[in-house]
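Please walk through the strands of this model and the loops that connect them, with attention to the backbone.

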Amino acid sequence: MNTPIALWKKTDGDDGYGGVIPGAGPWAEQFRNAADKRGVSGSETVIGARLTGIATVEFWARWHPAFDGVTAAWEIREPRTNKRWAIKGPPEIDPRRRFVKITAQTATT
């Protein structure tokens with residue numbers, strides 16, 4: 001576990017009339033953890049017969065209760081490089097709750 005990661009999600013936004021819009025606010029860091037980052041071989045996306053530059057990786061980390069709330073609406077950021085990764089689905093949690101695997105792609109927005 002040699003890659004520090006930070007998990008971020010969008011906060012609630014204001015609709016201008018005193019109401020709240022879930023997930024419409026700015027990004028905010030929720031928690032940090034250490035992980036192993038592994039590239040998924042043969043996963044570079046091709047669109048229109050051209051490579052898109054979108055890479056897919058897997059982050060493996062020790063399970064922590066905070067991972068239970070992570071969804072595909074979140075993203076992973078590497079604090080050392082500020083590289084952003086869009087999470088591609090809910091984390092896969094080991095049945096014995098020892099490890100978690102998160103599949104992510106290069107964030108585009």
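Strands are understood here as DSSP runs of E with at least two residues, numbered from the N terminus. With that convention in hand, R97 can be placed in the loop between β10 (92-93) and β11. The model is a predicted one, and in it R97 has a positive phi of about 55 degrees although this residue is not a glycine. R97 counts as partly exposed because its relative accessibility is 41%, and the partly exposed class lies between the limits of 20% and 50%.

The strand that follows this loop, β11 (residues 99-106), pairs with β9 in the antiparallel sense, and 3 bridges make up that pairing. Within this pairing, I87 has A104 in β11 as its bridge partner.

On to the other pairing of β9: strand β9 (residues 83-87) is also joined to strand β8 (residues 75-78), the two running antiparallel with 4 bridges between them. Here R77 stands opposite R84, a residue of β9. The strands β8 and β9 form a hairpin with 4 residues between them.

Which residue of this hairpin takes a positive phi near 60 degrees? It is N82, a residue other than glycine, whose place is in the loop between β8 and β9. N82 counts as exposed because its relative accessibility is 54%, and the exposed class begins over 50%.

Technical notes. Residues numbered from 1 in each chain as written. Predicted model: local features only at pLDDT ≥ 70, side-chain atom pairs only at ≥ 80, totals over all residues. Heavy atoms only, no water. Pairing = 2+ DSSP bridges. Buried < 20%, exposed > 50% of the residue type's maximum accessible area, 1.4 Å probe, protein only.
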